[in-house]
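Dear colleague,

Please find the structure below, together with its sequence. I would be grateful if you could keep it open while reading the notes that come after it.

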Amino acid sequence: MAFYSLKTGRARYRQGWLFAAALAVCLVLASPLLVIVWQAAQSDPADFIDTLWRPLVASLALNTALIVASTTLLCGVLGLVSAWFSERTRLPWQGLWPLLSVAPMAVPTFISSYAWVSLSDDLQGFPAALLVLVSAYSPLVFLPVSAALRGLDPALEETARTLGLGPWRCFFRLILPQLRPALLGGMLLVALSTLSEFGAFVLLRFRTFTTEIFAEYRAGFDSHGAAQLSIALLLAAALLIGLEWRVRRQASSYERRARGTRRAPPRLELGAGKWLVVAGFLLLSCVTLLLPLSTLGYWLTQHGDAAVSPVEVSAQLLFDASFSSIELGLEGAALTVLLALPLGYLLARRPGRVAAFMERVAFLVQGVPGIVIALGLVTVSIRVIPGLYQSQFLLLLAYAILFLPLAMVSVRSALLQAESRLEELARSLGLKGWQTWLRVLLPMAAPGLGAAASLVFLSIVTELTATLLLSPIGTETLATQIWADTSAMAFAAAAPYALILTVLSMVSTWLLMLLLGGNAINRLAADGTTVAGETAHV
Amino acid sequence: MKPFIKQGLLGAATLISLGLALPANAASLILYSAQHPQTVKLLVKDFEQASGISVKVREGEGPELVAQLMAEGKASPADVYFASNSPELMALEGKQMLTHLPATTLAAIPAKYNSPSGNWVGVTARENVLVVNNKLAAGLSMPASLLDLAAPQWKGKLAIAPSDGDFLPLVSAVRALKGDAAAQKWLKGLRDNAQMFDDNEGVAAAVNRGSVAVGIINNYYWARLQVELGAKGMHSQLYHFGNGDVGALLNVSGAGVLKTAHNADAAQKFVSYLTSARAQQVLAKSNITFEYPLLPGIAPAPVLKPFSQLAPPPLDMQKLGDDSQAAPMLRKAGLL
């Protein structure tokens, strides 16, 4: 930091470029939202009021609020409890439980919903939606909380215990307050992801704002109604972002405390009770993993007739869809991480009001479903840049906009880890700006950037609505093929596609964990929301 | 160079190369289709073999694709639009977006199933029916009219898919025959009575497995389910509204060529192919489609009720209209 206090004209010039690049990225991010707002503002006010005050909207608002609140709370409790047991108690097969707790997030929600709904038609509506979402999203709480638990200073706890605090009071008065940033950060991500969930809700026949925007778009003969409904969702997302803003500010007092020596925190002996905990973990895994995956296995063995299968199964089609998914995933991940670099760099090196504002813009996008972003981009591309319309690049841009917030968080923490002193040292030894990037910054930040890329890849291959709307003619991905079949209830035909997609997301989750492993996990404990940010939308 | 300039240039280069990697084949035909993918795949494959013209298909719900075509305007890449229901074509015709079809194409199909002004041609027809679960509906007397389903005795017993593209023409038909007020009242009744599904496939399957007693669908969903499940798997049957009731609505699926078509010749060839004996035979014999071929002399699949025995309501294409009022009415009733 000392080097930066001596600001030369050159440094200011560099800073100017940095802000310009970050601003440009922000504008790209916000463009579809601005278009939606503009489109909604164009419409007749009476029409607008008709759309938002019609009878269905009340029940949509109720459904949306209900599912967001209950999923968030349940994920919070489940994530906290399972993280505490897997980090702080002595259990048999200790290494297995964190793995089983994280793995469900590699099963895309519209695949687990398909598994449940094809099992029994009683599994529909609110209870089923809650089941599927809690299974998929509780890792978003588990990950940051267990990382935070690992990073806590055991000395504090030991002191508290020697001063006579019992284990329960110690947990509530000492541990829980320290976990708050991680816990609340994770829960807010659950809330945002629930707000923008689409595939699971449609399959489980649970109507929220997001599903209705799509229905409106399908049946409306124009996209005005969809734009108007999106405004309601935007407001809801902004509300959650505001909440997160407050929570973060409160939480900041816990961040980056000076610590004593690092050592493993103590694990509690549970006696015979440990078998109860093991049984709990196993039961949970049955619901979140075993059942959906074995249902998928069952459908793999079934025959689906061509008459009911919008997409049939053939080696060629399976290969084409897998290839498209992987291609879009790789290209999209590259573009997203590239666009995330200026914002991440700004956040890491020049934190302040401007950076924080830009970060909020990115987060706002995260609470908005893919369909809204896609609708905005369709309008932009038709009216402003016709050459882009229905091009693969437009789809990649949509992915970049949707998933840049995820990449940004990871890029930022990777660059934070690459200390600025080393960067300045390299400059003072005569390296040019780009040489510093290539030879110092990027190599140091590589694992973090890799994690960002694998996370974006994972999100892209499981993305549905933007892909449905924007994919160029003839491009079918695994997700769109599964969607075509499952939404026509052709469960057997969907199974091979679903299997490949599940394997693909498991591999990228594994890669993500690998890249985030070791030191990174400990580092992330210092900023609990980071890991959570990295795993939203999964 | 400053890092961000270099990065920017690198990025731009990557983006441009990605954008240019798109295939652009001018000789091929671009079809926007709201017809069922299963059916379209069959027809496209056969057409490609017969003509040597390759066809690229963009699939979606009817209103969605029509909205897309309207938004695209002159920039649209589409050559042909294959509708699931005639109102979609009427909407495009109303916006002057379809080109006139040659008399030879139009003459193949009886005039009442074509555009009144010759801008699109009928290809198949589908009948609106009630799918009825054998057990759950055992004690129920079937409604004489579609409008009866709004009565309180059907509460909880009815399944509908109001956001499916096939539901809109039904709303338009009720509106055209009974007037706005009656249609609105009917829709409110449905809202109180019905379980909502996302599409007609869901309705057919739910009634068949016994989740709900009856459901409003198009006839072919049931026939397809029977192919999939076999006779043993079927626990439901079809109830046909008769006597010209609005519930027996006959929907026409047809096709038109866009004025902005890039490949107008191939587009006309494709539309003419759809009405040819060859294509109509493919449709009739596929064991996939289960719609009524509109070319006279082609017998539909044997599982269907004979075409001559259907008793659709007295509605022509003009009167049925363009569905533009259907979605607002659904919204007003709280169904959408």
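The following notes describe what was found.

This is a predicted model, in which local features need pLDDT of at least 70 and side-chain atom pairs count only at pLDDT 80 or more, while totals for chains, interfaces and linings use all residues. Residues are numbered from 1 along each chain as its sequence is written, and chains are lettered from A and ligands numbered from 1 in the order in which they are written.

Between the chains, 52 residues of chain B are in contact with 49 residues of chain A (contact: C-beta atoms, placed from the backbone, within 7 Å). On the chain B side, H1(B) gives the most, with eight residues; helices and strands are DSSP runs of H or I (at least four residues) and E (at least two), numbered from the N terminus. By class, this side of chain B has 25 nonpolar, eleven polar and 16 charged residues. Ala, Val, Leu, Ile, Met, Phe, Trp, Tyr, Cys and Pro count as nonpolar, Asp, Glu, Lys and Arg as charged, and the others, Gly among them, as polar.

Chain B is itself divided into domain 1 (26-125 + 252-305) and domain 2 (126-249 + 323-332), with bounds from an automatic or database domain assignment. Their C-alpha centres lie 26 Å apart. The contact takes 19 residues from domain 1 of chain B and 15 residues from domain 2 of chain B.

In chain A, eleven of the eleven residues of helix H12 (residues 209-219) are buried (20 or more other C-beta atoms, placed from the backbone, within 10 Å of a residue's own). Just after H12(A), Phe221(A) has a positive phi of about 65°.

Yours sincerely

Key: Contact = placed C-beta atoms within 7 Å. Buried ≥ 20, exposed ≤ 12 C-beta atoms within 10 Å, placed from the backbone.
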